[in-house]
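Let's walk through this one together, a piece at a time. Have the viewer open and follow along.

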Amino acid sequence: MESTDNMKVLLLLGFIATALTAGPSAFDGAKVYRLKPQYEGHVEAIKNLASSIQVDFWSPDNEEMVAAHTDVDIHVSAEQAPLLETLLQQSEMEHEVLIEDLQSAMKNQFDNKQRSTAGYNYEKYNTFEKIEAWTASITAENPNLVSRSQIGSSFEGRPMYLLKLGKRTGSSKPAIFVDCGIHAREWISPAFCQWFVKEAVTTYGSDAEMTRLLDSMDVFVLPVFNVDGYAYTWSKDRMWRKTRSRNSGTTCIGTDPNRNFNAGWCIIGASNKPCSDTYCGSKAESEVEVKAVADFIRANRSIIKAYLTVHSYSQLLLFPYSYTTALAAHHSELLAVAEGASNALATLYGTRYTSGPGAVTIYPAAGGSDDWAYDLGVKYSFTFELRDTGRYGFLLPESQIRPTCQETMLAVKYIAKHVQDNLY
């Protein structure tokens, strides 16, 4: 039965491949499906599909990570949707449509209709230009708490601004490094970094936890890591993930910056094909953005005690390792901290997070920034996957920025308190 189904699927895929012409797909009528593969035949069907037509994997990140009994979220163009439907019927794979029309979902993301006021709007998604200007103004307005430095320039020449938050003491303090926006399309991530900075400067002196944190530690915040990719999601392709660097010998652009760190580089869960969304790059730290961050953390390794990187979506709080299923040396402590932070987060709106090491909690993936930071000696290394669990995916509406950021603050403060109480 299974082999006959597979044969049908392969024949159908041959038809699909010849029926489609290559070219950029618009988002009108594009759909996001959740597939529920139950056995290896289903897994093979999905992998064959990905090699025949253009499939944008939302979760997991590419076809190599597809496994039975694990949901697979994919985005396909309007032209490909009917063919995918036929394939799903042929293989009798259970599925649901998460987003009926991607273009509408993109429009509906901007559901905060509040008119622009004189102040900066933290409850809207902001362009890179706005964020860049904001880093200057927030620094100028809070000279005793915030300073700004440029740690590098992107492939296309955009500045990578890093904010340093903390009470000036004249001597070096232990620090936490937070970055947002490694993957360009995960807009809720940079929104959180902006929110964190706002909370720091507005609650310092009144909120006991924040005051203690900024008195005793510094927090480095990189509001947008992948600046070129983020700008590109506003100007050309909302679903872009990678950097915008050129790859020699191909017209395919960009590298996945979260597969480009020197942590089990390209051994698993990453692709060596430049056209792939999980392309690991020509070598570890081939991306100037990745090298800039790695150089900064290396240079400040003696003071950086925690590394937090913010992604979306899935509602997960992960820690090393992702490039191996071996447990980290500090596994039990990291698990306890992740679970405590997840519980703190849930107290506000009841949002449930799953915590654990990356490789077994979601899927193996090499070259990640959290694994690299941990191996460098930054013990408290965590990856957040913010809201939601797939209803909106990468297109979380602006109306959810506030609740998402509020609850995430509780988790970050929980981790920060643990770090302060357990300095090493």
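At 11% relative accessibility, does Gln315 count as buried or exposed? Keep in mind that you're looking at a predicted model, so everything here is computed from it. Gln315 counts as buried because its relative accessibility is 11%, and the cut-off for buried is under 20%. Its backbone is worth a look too: Gln315 has a positive phi of about 60° even though it isn't a glycine. You'll find Gln315 in the loop between β9 and β10.

Stay in that loop, as there's more going on in the backbone. Ser314 also sits between β9 and β10, and its phi is near 145°, again a positive value in a residue other than glycine. Ser314 has 24% relative accessibility, so it counts as partly exposed. Step back to Tyr313, which lies in the loop between β9 (304-312) and β10. The peptide bond leading into it, from Ser312 to Tyr313, is cis, with omega near 0°.

That isn't the end of the cis bonds to look at. Jump to the peptide bond from Ser59 to Pro60: this one is cis too, with omega near -5°. Pro60 belongs to the loop between β2 and β3, which brings us to a sheet.

Four strands make up this open sheet, and their order is β2-β3-β1-β4 with antiparallel pairing. β2 (56-59) and β4 (94-99) are at the edges and have a single partner strand each, so one side of each has no neighbour in the sheet. From one strand to the next, the twist averages 30°. As background, strands of a sheet pair through backbone hydrogen bonds, either parallel or antiparallel. Zoom in on β1 (residues 31-36) and β3 (residues 72-76) for one such pairing: they run antiparallel and share 5 bridges. If you want a register marker, Lys31 stands opposite Val76 in β3.

Now for a sense of distance across the model. Pick Gln90, which is in helix α3 (residues 81-91). With 29% relative accessibility, Gln90 counts as partly exposed. Then select Ser216, which is 126 residues from Gln90 along the chain; the two C-alpha atoms are separated by 61 Å.

What does the record add? UniProt, in an unreviewed entry, places the feature "domain: Peptidase M14" at residues 124-419. In the model, that span is 37% helix and 17% strand, and its end C-alpha atoms lie 31 Å apart.

Let's finish with helix α10 (residues 331-349). Its 19 residues reach 28 Å from the first C-alpha to the last, close to the 27 Å expected at 1.5 Å a residue. Which residues of α10 are buried? They are His331, Leu334, Val337, Ala338, Gly340, Ala341, Ser342, Ala344, Leu345 and Ala346. When you read that list, it helps to recall that an α-helix has 3.6 residues a turn, so residues three or four places apart point the same way.

And what do the buried residues of α10 pack against? Their partners are the strands β10 (316-319), β11 (354-357) and β12 (380-386), along with the helices α12 (369-376) and α13 (401-421). Just after α10 comes Gly350, which takes a positive phi of about 80°.

Notes:
Residues are numbered from 1 along each chain as its sequence is written. This is a predicted model: local features need pLDDT of at least 70, side-chain atom pairs count only at pLDDT 80 or more; totals for chains, interfaces and linings use all residues. Side-chain values use heavy atoms; hydrogens and water are left out. Helices (H or I, at least four residues) and strands (E, at least two) are DSSP runs, numbered from the N terminus. The expected span of a helix is 1.5 Å times one less than its number of residues. Buried means under 20% relative accessible area, exposed over 50%, partly exposed in between (1.4 Å probe, protein chains only). Contact means heavy atoms within 4.5 Å. UniProt positions are given in the numbering used here, feature names are shortened, and annotations may be inferred rather than shown by experiment. Two strands pair if DSSP finds at least two bridges between them. Axes are lines fitted to C-alpha atoms, for helices over the stretch in contact, and angles run from 0 to 180 degrees between N-to-C directions.
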